[in-house]
Amino acid sequence: PYSTEYQVGFDDDGKLNAILLTVSADCGCTENGDILFLYDVFFDNAYYCPHWKVISKAFKTHTPTNSACRSPGSMPSIFAMESIMEHVAKSLGKTPEEVRVANFYQKGQTTPYGQKLTYCSISDLWTQLMTSCDFQTRNEAVVAFNKANRWKKKGLSVVPLKFGVILNGAPFTCILSVYAGDGSVAISTGGIEMGQGLNTKVVQVAASTLEIDDISLIKIKPATSLIGANNSTTGGSVGSELTCMSVLSACQTLIARMKPAREKLPDTATWLDVVLQTYKMGINLMAEGWVDISGTAEPFVYCSYGVTCTEVELDVLTGEHQIIRTDMLYDCGESMNPEIDVGQAQGAFAMGLGYWLTEHFVRDPATGTLLTSNTWEYKPPSSKDIPIDFRVTFLKNAPNPLSVLRSKAIGEPPMCMTCSCLFAVKHAVENARAEIGQDVFFSLNGPATVDVVQTESLVDPDQFTV
């Protein structure tokens, strides 16, 4: 868990001048829970500010240490920054969208950690999404709905994203074996398939690079530390990328070895013909791939960008809400497999719904014992929690020259935009509060569970009339 305090300087247009952040992290009972270094490189999100200061404090407590899962550090830091933009907008009587646009990074600007943005597509993504999701018309409809209803309210929120991808210092290996009998290929990598489609992408990369038409010839074998030693953790949204890079390296090594055999054959030769000729010439049909991107001075090899718009409907009396629609536009580079990547974006968003709206840990204050230990008390998101209308689109014509086959990371970045659902709920609550003369800034922290939302709506029986 994180707590962030902030002081912000800005002008009358909402343009940021200086930000002081003090972040405190509950790291549990061991030092392993300290991942503030990730918080410290994601806090700026998509916004330029000339002056920053971040004070990070890690606390040892009597609770179990949490394990890093999806988007550790980046999720809370990006949410904190978006909360600041909401606060600035409220202070100036502007819309959050106006303040966000006023502070977007531009190509060539430098981040607080000294990295120059040689590529920055956030403004283009914002413009495209605001048009494709018909924000203006829907916002007017939300305003009209809220005027016509006292106990039902709607909220609309748009959240941008700049997500730096760390490929540095994460070595991955690959062993690729080709069998002369039938031309089949066996691959063992250092990457772990956990449902993210890593193995499917590995097969695609191998088939494409080796020019194998029949992908059924390619088999993925278990990853073992005996075959592939010294592999990095499969995480940080880069497991698939780096694994595919190692496979690409192995394939290129094999292609170079097979070149003399290929030159002895006609252009009509099949993959099996080339394999047999290579074998007859006594050339090794096993190849090792290795990738290790180390020694880069900047923390991120590249950045991914995205924008998400979420609309919710809130029952003010109960605090229950339904996500009516979510539109996500994400810069995925040149996706190696759009079906897998769309699933990753949707899954990341659904997972984030629990983080921001439903999954609340409650511990005994004296012992630290977890009290929400089952689904009667602890509520992961389910099929009824996801958006009724869920639209995911990838930015077109945006190849990434800095990664494998021009693609970009997909596992974690979309999850960081899930806070759009919390802000949409907050905007609905704001409207309910405005009707009773309480149109002032308030913090809505995550997880904004049903009881929290109902309490923040300031419902009082005295407001009930017949």
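How many residues in the lining of the largest pocket are nonpolar, how many polar and how many charged? Keep that in mind while we look around; we'll get to the pocket in a moment. One thing to know before clicking: this is a predicted model.

**Start with the whole chain**

Show everything as a cartoon. You should find 12 helices and 11 strands in the protein chain. Its radius of gyration is 25 Å, close to the 23 Å that the globule rule gives for 466 residues, so the chain is as compact as a globular protein of that length. Turn the C-alpha trace along its principal axes and it spans about 90 × 50 × 45 Å. Of the 466 residues, 48% count as buried. Take contacts between residues at least 6 apart in sequence: 76% of these join residues at least 24 apart.

**Select the largest pocket**

Pick Pro 1, Tyr 2, Pro 76, Tyr 355 and Gly 446, which lie nearest the centre of the largest pocket. The space here comes to about 1500 Å³, and 46 residues line it. Now for the opening question: the lining divides into 24 nonpolar, 17 polar and five charged residues.

Next, colour strand S1 (2-10), strand S2 (16-26), helix H2 (74-92) and helix H9 (338-358), since each of them supplies at least two residues of this lining. Which element gives the most? That's H2, with five residues.

**Stay on H2 and click Ser 83**

Ser 83 lies in helix H2. Is Ser 83 buried or exposed? Its relative accessible area is 16%, and anything under 20% counts as buried, so Ser 83 is buried. Show its surroundings and you'll see it touching Tyr 6 and Phe 423, not counting residues up to four places away in sequence.

**Follow Phe 423 to H11, then on to Ser 443**

Select helix H11 (419-434). H11 has 16 residues and reaches 22 Å from its first C-alpha to its last, close to the 22 Å expected at 1.5 Å a residue. Switch on a surface and much of H11 should vanish: 14 of its 16 residues are buried, so the helix is largely enclosed by the rest of the structure.

Past H11, in the loop leading to helix H12 (450-456), find Ser 443. Ser 443 is partly exposed, with a relative accessible area of 42%. Setting aside residues up to four places away in sequence, Ser 443 touches Lys 426 and Glu 456. Now draw a distance from Ser 443 to Lys 280: their C-alpha atoms are separated by 72 Å, and the two are 163 residues apart along the chain.

**Move to the second largest pocket**

Select Thr 234, Gly 235, Gly 236, Ser 237 and Glu 412, the residues nearest the centre of the second largest pocket. Its volume is about 940 Å³, and its lining has 40 residues. The elements giving two or more residues to this lining are helix H1 (36-42), strand S4 (152-165), helix H7 (239-263) and H9. Here the lining divides into 16 nonpolar, 18 polar and six charged residues.

**Last stop: Thr 173**

Jump to strand S5 (residues 172-178) and pick Thr 173. At 5% relative accessibility, Thr 173 counts as buried. What is Thr 173 in contact with, leaving aside its neighbours within four places in sequence? Show the side chains around it: the partners are Ser 188, Thr 189, Gly 190, Gly 228, Ala 229, Asn 231, Ser 246, Gly 289 and Trp 290.

Note on methods: Residues are numbered from 1 along each chain as its sequence is written. This is a predicted model: local features need pLDDT of at least 70, side-chain atom pairs count only at pLDDT 80 or more; totals for chains, interfaces and linings use all residues. Side-chain values use heavy atoms; hydrogens and water are left out. On a 1 Å grid over the protein atoms alone, a cavity is a set of points where a 1.4 Å probe fits but cannot get out, and a pocket is an open set with protein on both sides within 12 Å along at least five of seven lines; lining residues have an atom within 4 Å of a point. Grid points are joined across faces, edges and corners, and a volume is the space filled by probe spheres set on the points. Helices (H or I, at least four residues) and strands (E, at least two) are DSSP runs, numbered from the N terminus. Ala, Val, Leu, Ile, Met, Phe, Trp, Tyr, Cys and Pro count as nonpolar, Asp, Glu, Lys and Arg as charged, and the others, Gly among them, as polar. Buried means under 20% relative accessible area, exposed over 50%, partly exposed in between (1.4 Å probe, protein chains only). Contact means heavy atoms within 4.5 Å. The expected span of a helix is 1.5 Å times one less than its number of residues. The radius of gyration is taken over C-alpha atoms; the globule rule is 2.2 Å times the number of residues to the power 0.38.
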